[in-house]
Structure formats: C-alpha cells, structure tokens
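Here are some worked exercises on one protein model. Have a go at each task before you read the solution under it.

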Amino acid sequence: MISFIKGTVSYTGDSFIILDCHDIGFHVFMPSTALYKLSEGMNVAIYTHLAVREDDMSLYGFLDYEDLNMFKKLITVSGVGPKGALGIMSSISTDDLKTAIASGDAKLIAGSKGIGLKTAQKLVVDLKSKFKNEVSVISVAKQASDDNINTAVMFAESTGISRSQCMKALSAAGVPDGADVDTLIDLIFRNLNV
C-alpha cells in the first residue's frame, strides 16, 4: 500500500523513528541495524510495509529494499509476526540471515529477541527453498576444513566484510580440497566482487 516514504527524521526512539513528510509525522518501526545509521534532521527514503491487524495498523521501515523483501518473507512464517521479524533483523544482517536459512542454522536465528528454537527451526524449514542460490554458497564449507574456513572468514570479518560476502567469494573461487587458512583468505579477497 505504501511503498516508501521520503522525509526528515524528526525523532529517533529505541525501535522506531518519526519521519516528517510534508508536516505529517509517520511513526515507523525499524530494525536497530538501520536506526543507528539515522539521526534527527537527516533526509531519508524509507521502504515500508504496512501491517494491518484487527486492533492496530503499524508501519515498518527499511533503508534497503532487500531488507524489506526479507522482512516480508519472514512474516509469512506461522509464529513470526512483524515484531518478531524486526527482532531477527535487528540481530542478523539480511545476507547473514539468508546464509543461516540456507545452511539450516536455526540456532543463530534463535539468538534473536523473541524467537525461540522451535520458531527458528520452522522458519528455516519454510524459507530454505526460497534461498536455493545460497545453498551452493554454503556447500563451499564441505570442500575445506571447517576450522580453516571459520578462521579465514573470521579474519575477513574483522576487516568489515560480512560472512555472507566471504562465503560467496569462496563459492565463486572454487575451494581446493584441504585448502589452508592463508589460501582461503587470499581466495576471499581476490573474489569479493565476483
């Protein structure tokens, strides 16, 4: 119904902003990962989803269209409402969430506020098929020692690269069997933008 709103941030709260759009203030719930990028007086465009219930209408907003799409997928899962989906997205980046779903890592998702292990497992089962392309990325881990991959990825993450970007780079490179940590780090950095 409302695809996006452009306006000026007039207030930032713990889980929401008030966006002034031509003298109308929109109360928009947002993940904390987006909130820390915003400050009062900033002009911004926010992609939105209007959640309508019998007793409430709430607007949820995202700085990136891909984040909005992830949110919409999450709320299709029984037991995951808009606030639960926002909690997940406040804890895990969209790329890392795709990777977790594709690899079946329910424990990572269950670490999010308001999401238990059973709900996280259901989420993985329901959405895994929607992230088939991520499954090929995860299969990279089968080709080299898990310890070596984890060490290489942790090193790359310390430089600001996301886990998902690392796995995509390794997938694009093709990992030789038994690759050592130095080789894996080199493959990550050489194939980041492939």
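Two strands pair if DSSP finds at least two bridges between them. Strands (E, at least two residues) and helices (H or I, at least four) are DSSP runs, numbered from the N terminus. Before you start, note that this is a predicted model: local features need pLDDT of at least 70, side-chain atom pairs count only at pLDDT 80 or more, and totals for chains, interfaces and linings use all residues. Residues are numbered from 1 along each chain as its sequence is written, and side-chain values use heavy atoms, with hydrogens and water left out.

**Exercise 1. Trace the barrel: work out how strand 1 and strand 4 pair, then find the order of the strands.**

Step 1. Strand 1 (residues 4-12) pairs with strand 4 in the antiparallel sense, over five bridges. Here isoleucine 5 sits opposite isoleucine 46 of strand 4.

Step 2. Go on to strand 2 (residues 16-21), which is antiparallel to strand 3 over six bridges. Isoleucine 17 faces valine 28 of strand 3. The two strands make a hairpin with two residues between them, and histidine 22 in that turn has a positive phi of about 55°.

Step 3. Now put it together: five strands close into a barrel in the order 1-2-3-5-4, with mixed pairing. From one strand to the next, the twist averages 55° (axes are lines fitted to C-alpha atoms, for helices over the stretch in contact, and angles run from 0 to 180 degrees between N-to-C directions).

**Exercise 2. Find the neighbours of strand 5, and decide why it is described as largely enclosed.**

Step 1. On one side, strand 3 (residues 24-29) runs parallel to strand 5, joined by two bridges. Valine 28 has leucine 59 as its bridge partner, and phenylalanine 29 stands opposite tyrosine 60.

Step 2. Strand 4 (residues 43-53) is antiparallel to strand 5 over seven bridges, and histidine 49 also lines up opposite tyrosine 60. Strands 4 and 5 form a hairpin with two residues between them.

Step 3. Check burial, where buried means under 20% relative accessible area, exposed over 50%, and partly exposed in between (1.4 Å probe, protein chains only). Five of the seven residues of strand 5 are buried, so the rest of the structure largely encloses it.

**Exercise 3. Which residues touch the most other members of the largest nonpolar core?**

Step 1. Get the term straight: a nonpolar core is a set of buried Ala, Val, Leu, Ile, Met, Phe, Trp, Tyr and Cys residues joined through side-chain atoms within 4.5 Å.

Step 2. The largest one has 28 residues, and Leu74, Ile88, Leu97, Ile109 and Leu123 touch the most other members. Among the elements giving at least two residues each are strand 5 (56-62), helix 2 (65-74) and helix 6 (117-127).

Step 3. Zoom in on leucine 74. Leaving out residues up to four places away in sequence, its contacts (heavy atoms within 4.5 Å) include Ile88, Leu97 and Leu123.

**Exercise 4. How many disulfides does the structure hold?**

Step 1. Apply the cut-off: a disulfide is a pair of cysteine sulfur atoms within 2.5 Å. The count comes out at zero.

Step 2. Look at where two of the cysteines sit. Cysteine 21 counts as buried because its relative accessibility is 16%, and cysteine 166, at 0%, counts as buried too.
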